[in-house]
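Thank you for letting me take a few minutes today. I would like to walk through one structure with you, slowly, beginning with a space inside it and ending with a single residue.

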Amino acid sequence: MRSIKQPGPSAAERIQWVEARGRAFSFTLQAGLPLLEAARRGFAAEGFAGGVLNFGRGALGPFAYVMPALSKTGENAAFYSDTYRPEGVTRTKLGSMTLGMRDGAPFFHCHGLWTEADGKASGGHMLPDETVVAEPFEVQAFGIDGAMFTAEPDPETNFKLFGPVSAASTGARTTSRAFAMRLRPNQDFAACLEEFCRVHGIASAKIHGGVGSTIGARFTHGGVTEPFATELAITAGAIALGASGELEATLDVALVDYTGDLAEGRLVRGDNPVLMTMELVLEALA
């Protein structure tokens, strides 16, 4: 399986996780607000301080983003491009967000695909401090209670990355057992989720959110992304018993690589290792 050498030592625990409670709900992002504040308000209205969300068609403007890029200094295995600020209104196709805390304040990690006002199709990593909701649009959210994604220095990748930590309950109404998770580099995306569910006695689970990167990508439709640095959003995901009687993860994703090429589809199990990180919430259904 493909692997990329990271600049720092590997942590012994390859899945960072916190068990919590959660609930799925939807809300509408308010036009004229920064995307970060619009998301924060939507979770707060349901009693949650953070969680994850997914969205389809929406409108953003002003809008700023970066794409994956090669590292210029060697201090990281890969890095970010310069910032892009397309004019006019950008129309999103899809996206996934993790809402948590960084330096004591709300922050998000958000990847997606979109079409810019000039017709250019693109994707990448949205910048929370420069992105504004241009028109109201609905998102599908999952709030977590008892855990919070918090940005902390990660010696292995030499980035400051979101990871789940235990948090005091906000008293929000919840319906499900949930696990806030961060997958570390150089392990197969599907395999580590399947093993996690086996160990924790989870026979069926749904993935909410899903923001991260893989080392290129191999899709079940035969498509291949060769450039190793990607920015990826999960569009749908589940873990359930397959035809073999064993747990199998189905992971539908969309990504942009460092050359600017876009790709979508279902990942091949066993052949898609994590590059830097993968954040998600796993809702136990059984």
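**The cavity and its lining**

If we ask which strands build the wall of the largest cavity, six of them each supply at least two residues of the lining, namely β6 (79-80), β8 (105-115), β13 (159-166), β15 (205-214), β18 (230-241) and β21 (274-284). Please keep in mind, as you look at it, that this is a predicted model. Within that lining, β21 gives the most, with 3 residues.

The structure holds 1 cavity of 30 Å³ or more, and the volume of the largest cavity is about 160 Å³. Its lining is made up of 17 residues, of which Tyr80, Phe159, Ser213, Glu231 and Met276 are the closest to the centre. When we sort the lining of the largest cavity by class, we find 9 nonpolar and 7 polar residues, together with 1 charged residue.

**One residue: Ser122**

Let me now turn to Ser122, which sits in strand β9, a strand that covers residues 121-126. Is Ser122 buried or exposed? Ser122 counts as buried, because its relative accessibility is 3%, and the cut-off for buried is under 20%.

What, then, surrounds Ser122? Leaving aside residues up to four places away in sequence, Ser122 touches Tyr65, Met67, Leu113, Trp114, Glu116 and Leu262. With Tyr65 there is also a polar contact, in which the side chain of Ser122 meets the side chain of Tyr65 at 3.3 Å.

Conventions: Residues numbered from 1 in each chain as written. Predicted model: local features only at pLDDT ≥ 70, side-chain atom pairs only at ≥ 80, totals over all residues. Heavy atoms only, no water. 1 Å grid on protein atoms, 1.4 Å probe; cavity = no way out; pocket = protein on both sides within 12 Å on 5 of 7 lines; lining within 4 Å. Points joined across faces, edges and corners; volume = space filled by probe spheres on them. Helix = DSSP H or I, 4+ residues; strand = E, 2+ residues; numbered from the N terminus. Nonpolar A, V, L, I, M, F, W, Y, C, P; charged D, E, K, R; others polar. Buried < 20%, exposed > 50% of the residue type's maximum accessible area, 1.4 Å probe, protein only. Polar contact = N/O pair within 3.5 Å; in protein donor to acceptor, adjacent residues only side chain to side chain. Contact = heavy atoms within 4.5 Å.
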